[in-house]
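Look at how two helices can be placed against each other, and then at a few single residues.

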Amino acid sequence: MARLETRYFHLLTREEIRDLRPILEILRDHRDEVVVSWHGRYLDHFGEARALGEADFREIYGRDIDAIVRNLLDDDMEGFEADVRALARDLVDRGVPFAEVVASLHLFEESAAEFFHSRLKIMLRGPGVYLTFDKLSHVRMILLAGTYFAGREAETTTRLRRLEGEADRLAGAPAARSTFHGLVGRSNAIRRVYEQVAAAAGGLGAVLVTGESGVGKELVARALHECAGNADRAFVAVNCAALPRELIEAELFGHRKGAYTGAQGDSVGLIRAAAGGTLFLDEITEMAPGSQAKLLRVLEDRSV
């Protein structure tokens with residue numbers, strides 16, 4: 001059989017998706033059992049620290065399984081993408097931390113794999129199916145992470161605009177508002193941030209921006225970029241949590257055509273793409289330790 005070359009999200013081919021049909025049909029027929037097992041693992045893992053109650057968990061992730069099965073059995077990849085992104089927005093709206101989202105999806109893989117192995121292993125067709133199922137999980141994470149963080153950024157922007165409006169109201173006039181390269185605020189604390197950004201922008205070293213999720217670390221990075229006189233140069237933002245660990249080095253350092261499955265052309269890498277400008281690495285702690293060590297060498301030598 002000639003291999004079908006259509007490739008979705010750099011990882012899955014149409015032929016591989018069609019090879020998953022027996023697994024998807026099993027998942028459809030035993031959906032409730034898998035969700036119960038999944039929720040049990042979720043409870044064991046997060047305990048009282050979990051963000052979702054049982055009813056919300058079963059509703060959200062049960063709907064997710066239904067959408068995956070329906071879309072992939074119908075060869076509807078646009079619908080698959082739309083439903084995964086809708087899931088991400090729902091999780092943002094419900095305030096589920098990203099670390100819990102990632103762990104929950106891995107717990108699903110464990111629950112499904114155990115179910116297939118313990119009860120239905122005679123219906124599987126070798127290790128290739130497991131590999132494809134794993135690729136499907138990576139695709140879900142890529143789509144979900146990108147939409148999740150876009151939603152969090154939108155939340156942050158909305159919150160900043162609300163604060164800006166409140167500052168205008170309290171000051172009695174828009175002219176009294178204080179802004180600094182996209183940052184907004186007049187308190188002593190935010191003014192200290194302005195001073196720190198201005199001081200850091202005068203150097204050429206790497207800058208570590210820390211803070212809880214949603215406080216505006218990327219806004220600070222953009223302010224550093226502009227304050228350093230680089231407004232007309234590249235600002236490259238990379239969400240390390242949104243890239244599969246096995247692909248992040250190729251994305252950062254570049255690769256040749258054919259270096260890995262899905263590498264359809266040469267790439268200079270995001271580090272060199274940001275040359276002369278600013279490279280912002282978000283969620284850097286999600287990067288594998290080995291990749292962090294290689295990145296440290298780049299930061300020390302300032303070369304790739």
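What follows covers one helix pair, one buried acidic residue and two cysteines. This is a predicted model, in which local features need pLDDT of at least 70 and side-chain atom pairs count only at pLDDT 80 or more, while totals for chains, interfaces and linings use all residues. Residues are numbered from 1 along each chain as its sequence is written, and side-chain values use heavy atoms, with hydrogens and water left out.

Two packed helices are described by the angle between their axes and the distance between the axes. Here α2 (residues 21-29) packs with α4 (residues 54-73) at about 145°, and their axes lie 10 Å apart. Helices are DSSP runs of H or I with at least four residues, numbered from the N terminus. Axes are lines fitted to C-alpha atoms over the stretch in contact, and angles run from 0 to 180 degrees between N-to-C directions. The crossing of α2 past α4 is left-handed, that is, the near helix is turned anticlockwise from the far one by less than a right angle.

On the α2 side, R21, L24, E25, L27 and R28 make the contact, and α4 supplies I65, I68, V69, L72 and L73. Contact means heavy atoms within 4.5 Å. These residues comprise seven nonpolar, no polar and three charged; Ala, Val, Leu, Ile, Met, Phe, Trp, Tyr, Cys and Pro count as nonpolar, Asp, Glu, Lys and Arg as charged, and the others, Gly among them, as polar.

Helix α4 also holds D64. Its relative accessible area is 6%, so D64 is buried (under 20%; exposed is over 50%, partly exposed in between, with a 1.4 Å probe and protein chains only). Beyond neighbours within four places in sequence, D64 contacts L87 and R140.

Turning to the cysteines, C240 is buried because its relative accessibility is 3%, whereas C227, at 26%, is partly exposed. The structure has zero disulfides, a disulfide being a pair of cysteine sulfur atoms within 2.5 Å.
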